[in-house]
Amino acid sequence: MVKCVQGARRPSTTPMKMHSSQVEEVCFGFSSYVNVENIPNLTDANEENVIGKTFEEVKAVLKTKKERDAKLLLRENAWHITDKVRSKLWPLLCQKLGTEDVNETFYGETVTMIFGTKDLPNRPMILPQFVEQSHCHNYYLTREGHKITERVISVIGYSHPDVTFSPVAFPLAALFMHFMTEEECYASMTNILKCKKPLVFITQTKLHYEVTWQTCLVLAKKFIKNAVISLQKQFGGNQSEVELLFSDCLWWIFNGIPLQHLVKVVDCFLMEGMKVLYRVSLALVQLFSKMGSSPGTEWEEQFNHGNYSGAMFTFCRNLPVTPAKLLKQAFGIRNFSSATMLKMQVRTELLVKSKASAAVTSGPNQLKRARSSENLPTTQSQVEVRMASHTLTIKEGNLSPEHRTSQMGTYPIQSLHSVIVDLDQLLTVWSWLPIRITMYQPVLLYTTEEHGCSLKTFFVRVEMHEPTILIIKTCSGDIFGAYCSARWEERNLKDDKGLRQTYFGTGETFVFTLSPERRKYQWVGLDPEPNDSDLNGKGEIKHSSELFMAADNHMITIGGGGGSAIWMDENVRFGKTEYCDTFNNPPLCPKGDFEIQVIEVYGFSGI
């Protein structure tokens with residue numbers, strides 16, 4: 001029998017209708033929705049046998065906005081798995097990602113509207129389609145706790161119809177219910193789904209799910225190359241077995257490692273995002289490559305019979321290292337920056353899209369998909385369903401940079417009235433956008449015709465929007481522009497050393513021309529076979545080819561390395577365009593130097 005700490009209360013046996021009161025603390029600070037008696041090793045002391053920081057101490061560090069200090073604190077925390085500090089810390093970390101506050105009235109009314117009552121039903125709930133039934137892990141929640149998690153996920157499905165595939169949402173919500181009220185769980189999940197950081201916290205489409213595990217494989221080949229080579233040798237040189245193994249990388253964490261490890265991983269995940277899951281996955285691969293074929297282990301038989309994925313899960317469930325050592329291994333991987341991950345993720349997404357497009361046109365040669373994604377609609381069909389009611393349905397064309405061919409559908413750009421481009425030119429730009437962006441309604445944010453020629457006004461009206469499309473018409477009649485993947489407000493951000501970032505943005509940024517010719521110039525890092533001139537001595541994209549956006553109070557520039565694809569002065573009147581390494585583009589207008597007749601900048605509502 002697990003003993004409760006002094007002053008703690010046992011789980012209530014009385015059903016609560018809305019569970020909106022404060023969380024009832026039970027053994028070691030868990031909520032009343034946790035079946036603590038079923039959790040193995042729950043009474044084990046923390047590894048360092050020291051008292052962890054209090055919530056107020058952590059909150060004080062978070063307020064200083066010294067991200068590195070906060071990250072280190074969470075990585076090295078000494079809290080027990082059930083420490084009640086998380087009942088305040090986790091909601092706070094989630095709230096920092098978005099704007100959703102706990103609103104018991106709104107949530108209660110939504111529950112009543114969907115279910116007709118605030119009472120928990122006795123029958124099973126029909127969960128949203130983005131949930132994967134085989135991964136509704138509840139981590140020792142009681143039956144009541146599991147039902148509440150189902151209800152939270154159902155409300156999320158109602159309030160977030162744009163989420164089409166998010167299998168991690170249910171297990172994450174179940175973890176939140178260990179420390180939160182039902183309303184806090186909903187608000188926290190909403191903030192995670194709405195987070196605007198470039199690296200999403202949890203996947204929300206099938207495409208991003210596929211991109212996530214494939215990016216993990218790419219990162220492994222770069223940062224733990226020896227471990228991947230070792231595994232491939234142990235697998236008999238079978239590369240497909242390695243890919244099959246990595247297709248479950250998220251589930252090594254959310255359905256593999258013990259709860260004691262998982263809770264500490266989530267501490268870091270809520271602060272740092274997807275980077276933590278990538279790091280932990282790679283750490284598990286490193287450990288498995290050394291111990292996977294070890295004799296006398298519980299996973300030995302599976303490994304010897306070629307069931308490598310099964311052996312990996314058994315290995316994770318019987319992980320032979322402590323939570324602290326797992327995190328130390330994960331964060332000990334060197335040169336593993338967010339910028340590198342984002343670059344690789346963007347490149348992987350483009351490759352996945354191109355393979356999916358080829359699969360549609362070539363028939364039987366289908367894109368390899370994660371086993372946990374089987375029997376679901378394809379990425380393309382999901383996109384079409386999502387956009388059918390209010391946006392343009394896009395199908396990738398065979399050639400690039402020619403624009404994609406549009407199918408029948410409703411065009412959200414038909415309501416736009418541009419003084420620079422006509423509808424056909426707008427459709428061309430639209431066809432070049434990332435598919436996920438085409439579901440949103442474009443909005444004119446800034447035009448010199450209405451808002452005047454001032455870079456200050458430009459920033460006031462544009463800087464908080466991401467992404468944006470900038471279109472320029474010169475006094476000579478040339479029309480060109482850029483898709484800007486990041487907020488212009490990032491010009492003010494500082495790195496970990498307190499230095500202002502010169503360049504920012506991602507590899508989704510591109511420049512284009514519309515008149516006299518129509519052409520898109522994408523980032524050279526997305527080319528399947530980059531030119532030697534785009535690479536450094538290590539065979540990687542050189543730094544001068546990764547300069548996407550920059551700005552200060554006197555100018556903005558897009559593209560860099562050898563010149564600027566687009567440069568514009570503080571009066572928004574004169575500019576120049578040159579060849580640049582980032583996009584490998586020629587000058588976007590014949591003369592290079594230009595005088596601006598009109599500028600229009602578009603954002604997207606609902607993002």
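**Exercise 1. Disulfides**

How many disulfides does a search of the whole structure find, and what is the situation of C249?

Solution. In this predicted model, the search of the whole structure finds 0 disulfides. For C249, the step to take is to look for the nearest cysteine sulfur, which belongs to C216 and is 4.0 Å away. A disulfide requires two cysteine sulfur atoms within 2.5 Å, and C249 is in no disulfide. As for its surroundings, C249 counts as buried because its relative accessibility is 2%, and C580 counts as buried because its value is 0%.

**Exercise 2. An aromatic pair**

Which kind of aromatic pair do F480 and F594 form, and which strands hold these residues?

Solution. A search of the whole structure finds 24 aromatic pairs, and one of them joins F480 and F594, with 5.2 Å from centre to centre and 75 degrees between the planes. Planes over 60 degrees apart count as edge-to-face, and this pair is edge-to-face. Next, F480 is located in strand β5 (residues 479–484) and F594 in strand β12 (residues 593–605), so that the pair links parts of the chain 114 residues apart. Finally, F480 counts as buried because its relative accessibility is 0%, and F594 counts as buried at 6%.

**Exercise 3. A loop residue**

Where is T203 found, and is T203 buried or exposed?

Solution. T203 is found in the loop between α7 (182–194) and α8 (206–223). With a relative accessibility of 2%, T203 counts as buried. Beyond its neighbours within four places in sequence, T203 is in contact with F165, S166, P167, H208, Y209 and T212.

Note on methods:
Residues are numbered from 1 along each chain as its sequence is written. This is a predicted model: local features need pLDDT of at least 70, side-chain atom pairs count only at pLDDT 80 or more; totals for chains, interfaces and linings use all residues. Side-chain values use heavy atoms; hydrogens and water are left out. Buried means under 20% relative accessible area, exposed over 50%, partly exposed in between (1.4 Å probe, protein chains only). Helices (H or I, at least four residues) and strands (E, at least two) are DSSP runs, numbered from the N terminus. Contact means heavy atoms within 4.5 Å. Rings of Phe, Tyr and Trp (its six-membered ring) pair if their centres lie within 6.5 Å; planes under 30 degrees apart count as stacked, over 60 as edge-to-face and the rest as tilted.
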